[in-house]
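The exercises below concern a single structure, and each task is followed by a solution that goes step by step. Please try each task on the structure before reading its solution.

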Amino acid sequence: LEGDLKGLTNAESCPVALSELCLAQVCLSLDSLCSTQPDGSLRLSWAPLLPQEMADQLLHKMAAQGTLNDRTVGIFRSCEQLRLRRACVRSSPLSAEAFRLALCPHRLQELDASGVPGGLTGAHILSGLASNPECRASLQRLTLSRLQLGWTSLEVKEEQVGFSSLQGLRTLNLANTDLTDPFLEDICTLPQLEVLDISSTPVTELSALLGCRLTLRSLTAHGLRQLDMSPARVISILSQLHALRHLDLSDDRFVSGDEAVRLLLEGGSGILPALVSLDVSGRKKVTEGAVTAFVEGRRGLLFLGLLATGAGSCDVLSGKNNLKVTGEANEKQICESLRRYRERECFTREALVHLYQLTNDMYNQTRPDILKLVLGGMQNYSESLHVQLVASACVFNLTNQDMAVGMPHPLLSAVVHQVLEAMRSFPSHQQLQKNCLLVLCSDTILQDVPFDRFEAAKLVMNWLSGHVDRTLQRMAVAVISILVAKLSTEQTTQLGADIFIMKQLLGIVQQKAMAGVVDSTLKFALSALWNLTDETPTASRHFIQCQGLELYEEVLKTYSSESSIQQKVLGLLNNIAEVEELQADMMQEDLLEHVVTLLQGPQVEVGISYFAGGILAHLTSRQDAWTLDQGLRQTILEQLHAAILTWALPEREMVSYRSFRPFFSLLQTSQPAGVQLWAVWAMHLVCTQNGVQYCQMLQVEGAVELLKTLSSDLDTHSNVRGMAESILGMVERHQTTSNPLRTQTEKGHHGRS
């Protein structure tokens, strides 16, 4: 198996690679695939000889998923089956002993141990790698950024324990470590060192770099805050690095100028004439004249970093098609900044600020390329409030209105996941929560994009509890309404188990009803409550406990002329009536008499009559539970039957069902004809409007057998029998359409008979 998933680039256009899926499954199944050793580490119970690249990918996947630790890294002690060459343990909690036993026996060519928490230090890593003679010669790339090096522990008996013991090293990254001058001297004795990153380290002197002046091709010296050298001396040292092609002297403090940078830019082509890449981002007051002189003196220049310098608008830059520039002067520079500075939070934030200003004017432009860059910033700095704040604003600008329609759904899915992470990480930051809510309030995202809607519903509900801004309240309730409708029955049940959510939504309904307001917030709240109580007895009980029934009676009276409000109210009461233990709470004569008036009439829409009929059908279906006058029950049944015969099928979809099971008790042959007729009319309605979905549901759930029994029973009312037979006919036609081969076979068989 070849290939791996390279971020979202492949995910946008093709399925995830099979190898990637297999690796992910292995990561999830380690406990079942392994045995536990006496020291607590895991060992694969059986493993084939994996291709070397696959072993590297497995380790990388475990690190990326957060499953790599002292226990799980033990599987790589089997060097014969899992041979590592390019090892990545980035940000994984490993002890020195676990690292030594699992990784050091391999003939590594590359190792990324950046940001490893816990007790593992650079000294431990060096000591472990140096203990393997093969590794000393084979290791070419080593990354220890954001790691405590622990130099004191290097003072051991063996003399060759420093970086110089790794004679094969070509690339070394020690950014954001406690690297000191003596160990820089040791590093610069490496005979093949080509790439060195000493950014944000406490080194004070760069003279040691002369030790590798013939081999060093790339030097990253970003943010050297403790450098104690004159600008002229710095330039003198750098100018002697004859092999240098890439130089980074940027600084995220946004300092107000630097003499060494000025000398380099204005020093002419005699200083580092072979340079093809220079980064001075963050160096304020870099003049356009200096930049112009530098660029014109180096025709081979391929990259120039000018973010936060104010010099990105130089005319000389616009005529260089092969020159990539980071800056804020235009979209191209800003996007290049986001690509280049993934490891530098301050520069990422600076680029996002300028991108936000740029995207304010991007009307009706679908830009997945830019959205992907913003997503990268959010993922890399998920714990940075500043990055999340400006990035979420950019996401809204890039997905607002119809701009999300053309975006790849895997990309949007990853973006929404990150937005939810931001909401979870910074629950008390009002502006960030507002930004995230604005992103979620998109039809494309809410309806079509896969993401954890259950988690999103909980987060939005929590936000809603502490905010009364009318505009945001409307959006939040709209989001919740749509999200709840998309949840599974199990998820709706779990969400409805929180009585706090019921209180919040009912509070909004009460607030609007008291003012007699008819707006989208009220309608969305009613829809959310309707969906929340659908086949969820717990939520229905909470509705009763929170005096929801009394409130809804008032709403029915207050909004007697608002059919959209009435339909949502009756739809929820229909859900309550389905719960047998709550039917007693609805045995109120005034309420039922009012519902009866909604069964038919010239001013009553069929949608209202339908849900009114559902309430009455469920409440009259259990004669032994009926606590009111029996004469009233008989009158209701007669009026229900008569009303249903007058209903016309609506042209548009009026209702949807997750299941027909709540109807099963209504279809029993012992039920009154009015109850049966409402149930079969409901089934006939949805099967007529969406036969593919509901005819299959009838078969899967066993409702077809109930309809057949009802149709064949001699005591079944003719109206009920006719409707049941019509539904069975639709099911039969659906079977014929969905499986024509089966139909042809059956016809041939009958012919032979």
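**Exercise 1.** Determine whether Thr-536 is buried or exposed, and find its contacts outside the neighbouring sequence.

Solution. The relative accessible area of Thr-536 is 2%, and Thr-536 is therefore buried (buried means under 20% relative accessible area, exposed over 50%, and partly exposed in between, with a 1.4 Å probe and protein chains only). Next, locate Thr-536 in the loop between α23 (520-532) and α24, where helices (H or I, at least four residues) and strands (E, at least two) are DSSP runs numbered from the N terminus. Finally, with neighbours within four places in sequence set aside, Thr-536 is in contact (heavy atoms within 4.5 Å) with Thr-489, Thr-492 and Thr-493.

The model is predicted, so local features need pLDDT of at least 70 and side-chain atom pairs count only at pLDDT 80 or more, while totals for chains, interfaces and linings use all residues. Residues are numbered from 1 along each chain as its sequence is written, and side-chain values use heavy atoms, with hydrogens and water left out.

**Exercise 2.** Describe how α28 and α30 pack, and state which residues make the contact.

Solution. Begin with the geometry: helix α28 (residues 606-620) and helix α30 (residues 673-689) pack at about 135 degrees, with their axes 9 Å apart. Axes are lines fitted to C-alpha atoms, for helices over the stretch in contact, and angles run from 0 to 180 degrees between N-to-C directions. The two helices, α28 and α30, are therefore oblique to each other (under 35 degrees counts as roughly parallel, over 145 as roughly antiparallel, 65 to 115 as roughly perpendicular, and the rest as oblique). Then list the contact residues, which are Val-606, Tyr-610, Gly-613, Gly-614, Ala-617, His-618 and Thr-620 of α28, together with Val-675, Trp-678, Trp-681 and Ala-682 of α30.

**Exercise 3.** Identify which residues touch the most other members of the largest nonpolar core, and then follow the contacts of Leu-573.

Solution. A nonpolar core is a set of buried Ala, Val, Leu, Ile, Met, Phe, Trp, Tyr and Cys residues joined through side-chain atoms within 4.5 Å. The largest such core has 154 residues, of which Phe-543, Tyr-552, Leu-573, Tyr-610, Trp-678 and Leu-698 touch the most other members. Its largest share, 11 residues, comes from α30. With neighbours within four places in sequence left aside, Leu-573 is in contact with Phe-543, Leu-549, Tyr-552, Leu-556, Met-586 and Ile-615.
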